[in-house]
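Consider the structure shown here and the way in which its helices are arranged. The account below is an explanation of selected helix contacts and of the meeting of two chains.

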Protein chains: 2
Amino acid sequence: MSYDEPRIIEEVNRIAKAIDREIARIEVSNRGSLYRAAFYLPKLGGKRMRPFVVLNSSHLVRGHEEAAFSAALAVELLHNFTLVHDDIMDRDEYRRNHKTTHVVYGEATAILAGDLLFSKAFEEAAKAEELSGARGIVKELALSSEKIAEGQFLDISFERGEKVSLDDYLEMIYLKTAALYETSAVVGGLTAGRYDQDRLRMLSEFGRNLGLAFQIRDDYLGVFGDSAITGKPVGNDILRGKKSAPILLALSKENVDLSPLKRALGNPRSTHDDVVQAIDFLRRLGVDTECRRMADEFARRAVDSLSPFEDSDAKSLLSGLAYYAVARDR
Amino acid sequence: MSYDEPRIIEEVNRIAKAIDREIARIEVSNRGSLYRAAFYLPKLGGKRMRPFVVLNSSHLVRGHEEAAFSAALAVELLHNFTLVHDDIMDRDEYRRNHKTTHVVYGEATAILAGDLLFSKAFEEAAKAEELSGARGIVKELALSSEKIAEGQFLDISFERGEKVSLDDYLEMIYLKTAALYETSAVVGGLTAGRYDQDRLRMLSEFGRNLGLAFQIRDDYLGVFGDSAITGKPVGNDILRGKKSAPILLALSKENVDLSPLKRALGNPRSTHDDVVQAIDFLRRLGVDTECRRMADEFARRAVDSLSPFEDSDAKSLLSGLAYYAVARDR
């Protein structure tokens, strides 16, 4: 897979800056302290991948520019809302190298801060419909947030130690992560104001597969990534006992002595040596290659689903993002 | 103020049953456990006052019947979402004589259950727009949920002991409670599919004043209500130190020795005698009459704002609800 990486990164950064500016503007116009808590996380930045997908999907169908920007903002605010609430549920104290919202503002305020972002997301989605004359953007976003809640619910129940198959896992990451990428592509498509069911289906497939590719690459990096590049401790996900793709691929092997993995898995008192040995063991099992192939396969499907669209800058940016999703090291 | 109370109660019950049926239907169609947690509270019933306002406001402007029902459901789900999250924040263990969602399902699930209800509310709001061809229902609901979050945030900060004026308090209950009544009336009006700004403004005023009347009557009952009828302990709000209308009216008096009140206020170890004496003291101050008059005044304004509409069954039901709001003993 070849793609123009510098171009993708340049475009990702350009869109991220536009979203950052708009987020800064929202906060300034409302000075109450709940707004400060609500926009604390969105203001910490982020790659703004979902807005990238919304805006380029909209370009692909020659959608309404301003409406697409509102839809992109809606999706990004919705994403941030889920992070604020997830961090409370998961008792995570850090995100993006900063303290999480509930650590800074207290839990009650963080719940409300998330709720406020959620409301703002729908306010922007309504604006996108009004600007473009489209229907379906709000509905798509609502259905997506239902899926995200279900996905997080599944994720929590997986952590509680129920037996998890690879299929269960794929269902969970579809709901928790890929559904919002799917929605990003679809709402981008909807900003054209008229429905073309076939093209919307292609965009939906693109987004879903892209989201799965992203998440599985994340999982790969969580075990095999270079901690100097990812910024996370070596074998972070092994220590936390996270049932991510590489772990589930290993656990699904039959007639294999898994003790080198199990010694470190979910055991925070493991030594550095235990962790390094577990990772080596996973490599010997071939799990690293399997996991990479899995992510590549989803990226390929994402790119394929764009084939009915004629060539354009937006199309190569979207394909490029899919390649980037599975090539990145952080 | 005279009104046909049996008729109002009959109509309230009829609408409540229709909403109950629809809520039961939603749950049946989705069997996941997160849905069980999400619909636990909505299924416990309630007076469904806000749907009553949506449906009759829609009748008043000859709005789209089916769209109004979706909008009514949206508002009721949004209301239930706020209750689920508020109970977590306030650490309340009982509501409607049942354990609260987070007590039954755990806090993480309750946060998600609320989020799911929130999403469902917007799904229904989008449906209402699609059915009626209206715009603005989703936006109105989004702005309302922002106000509710801000209102709850203020309420929490009031409890933390900041000095609260009666005006601060009215602002808080507007945001936390009355705004959703306002929205109920407005979205009912929007189901007519076309905008008539004057009539929407009248409906908005009706809903806002109705909501304030409801809340202040609640406050009155929380101090002066007959515990055999309200089902709450005598002087419940005094013991909890809740800064409600009667308490703030008393605290605003100058040159009065407030010690009979302050002995019991926010002091869970007060004796029954202390509480009874505090209530007697408030009556001697005339706070009961002042508080009743305040609620009556908002109800009167609500009724007045309907005067531009020609007489109809819907109009007398809405006026009747305003009278009922301030006459009820529970």
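The following paragraphs treat helix pairs, single helices, and then the contact between chains. The model is a predicted one.

A suitable starting point is chain A, where helix α7 (residues 137-159) and helix α8 (residues 166-190) have axes that come within 6 Å and cross at roughly 165°. An angle over 145 degrees counts as roughly antiparallel, and α7(A) and α8(A) are therefore roughly antiparallel to each other. Their crossing is left-handed. On the α7(A) side, the residues that take part include A:Ile137, A:Leu141, A:Ile148, A:Leu154 and A:Phe158. Among their counterparts in α8(A) are A:Met172, A:Leu175, A:Leu180, A:Val187 and A:Leu190. By class, this contact of α7(A) with α8(A) consists of twelve nonpolar, four polar and five charged residues. Charged members of the α7(A) side include A:Glu140, A:Lys147, A:Glu150 and A:Asp155.

Chain B supplies another helix pair. Helix α3 (residues 49-60) of chain B packs against helix α8 (residues 166-190) of chain B at an angle of about 30°, and the two axes are 7 Å apart. That angle makes α3(B) roughly parallel to α8(B), because the limit for this description is under 35 degrees. The crossing of α3(B) and α8(B) is right-handed. From α3(B) come B:Arg50, B:Val53, B:Val54, B:Leu55, B:Asn56, B:Ser57 and B:Ser58. These residues meet a group in α8(B) that includes B:Leu180, B:Tyr181, B:Ser184, B:Gly188 and B:Gly189. The contact of α3(B) with α8(B) holds seven nonpolar, six polar and one charged residues.

Two individual helices merit attention next. Helix α4 (residues 65-90) of chain B has 26 residues and spans 37 Å from its first C-alpha to its last, close to the expected 38 Å. Of the 26 residues in α4(B), 21 are buried, and the helix is thus mostly covered. After α4(B) comes B:Arg91, which has a positive phi, near 55°.

In chain A, helix α15 (residues 287-304) reaches 25 Å over its 18 residues, close to the 26 Å expected at 1.5 Å a residue. Which residues of α15(A) are buried? They are A:Val287, A:Cys291, A:Met294, A:Ala295, A:Phe298, A:Ala299, A:Ala302 and A:Val303. An α-helix has 3.6 residues a turn, so residues three or four places apart point the same way. The buried residues of α15(A) are covered by elements that include α9 (197-224), α12 (245-251), α14 (272-285) and α16 (313-327) of chain A.

The remaining topic is the meeting of chains A and B. This contact takes 30 residues from chain A and 30 residues from chain B. On the chain A side, α4 (65-90), α6 (107-132) and α7 are the elements that give two or more residues. The largest share of that side, 13 residues, comes from α6(A). The chain A side divides into 16 nonpolar, six polar and eight charged residues.

One residue of chain B illustrates the meeting of the chains. B:Ala108 is found in helix α6 (residues 107-132) of chain B. Is B:Ala108 buried or partly exposed? B:Ala108 is partly exposed, because 18 other C-beta atoms lie within 10 Å, whereas a buried residue has 20 or more. Leaving aside residues up to four places away in sequence, B:Ala108 touches A:Met89 and A:Ile156. Within chain B, the C-alpha atoms of B:Ala108 and B:Leu83 are separated by 15 Å, the two residues being 25 residues apart along the chain.

Methods:
Residues are numbered from 1 along each chain as its sequence is written. Chains are lettered from A and ligands numbered from 1 in the order in which they are written. This is a predicted model: local features need pLDDT of at least 70, side-chain atom pairs count only at pLDDT 80 or more; totals for chains, interfaces and linings use all residues. Axes are lines fitted to C-alpha atoms, for helices over the stretch in contact, and angles run from 0 to 180 degrees between N-to-C directions. Helices (H or I, at least four residues) and strands (E, at least two) are DSSP runs, numbered from the N terminus. Angles under 35 degrees count as roughly parallel, over 145 as roughly antiparallel, 65 to 115 as roughly perpendicular and the rest as oblique. A crossing is left-handed if the near helix is turned anticlockwise from the far one by less than a right angle, and right-handed if clockwise. Two residues are in contact if their C-beta atoms, placed from the backbone, lie within 7 Å. The expected span of a helix is 1.5 Å times one less than its number of residues. A residue is buried if 20 or more other C-beta atoms lie within 10 Å of its own, exposed if 12 or fewer, and partly exposed in between; C-beta atoms are placed from the backbone.
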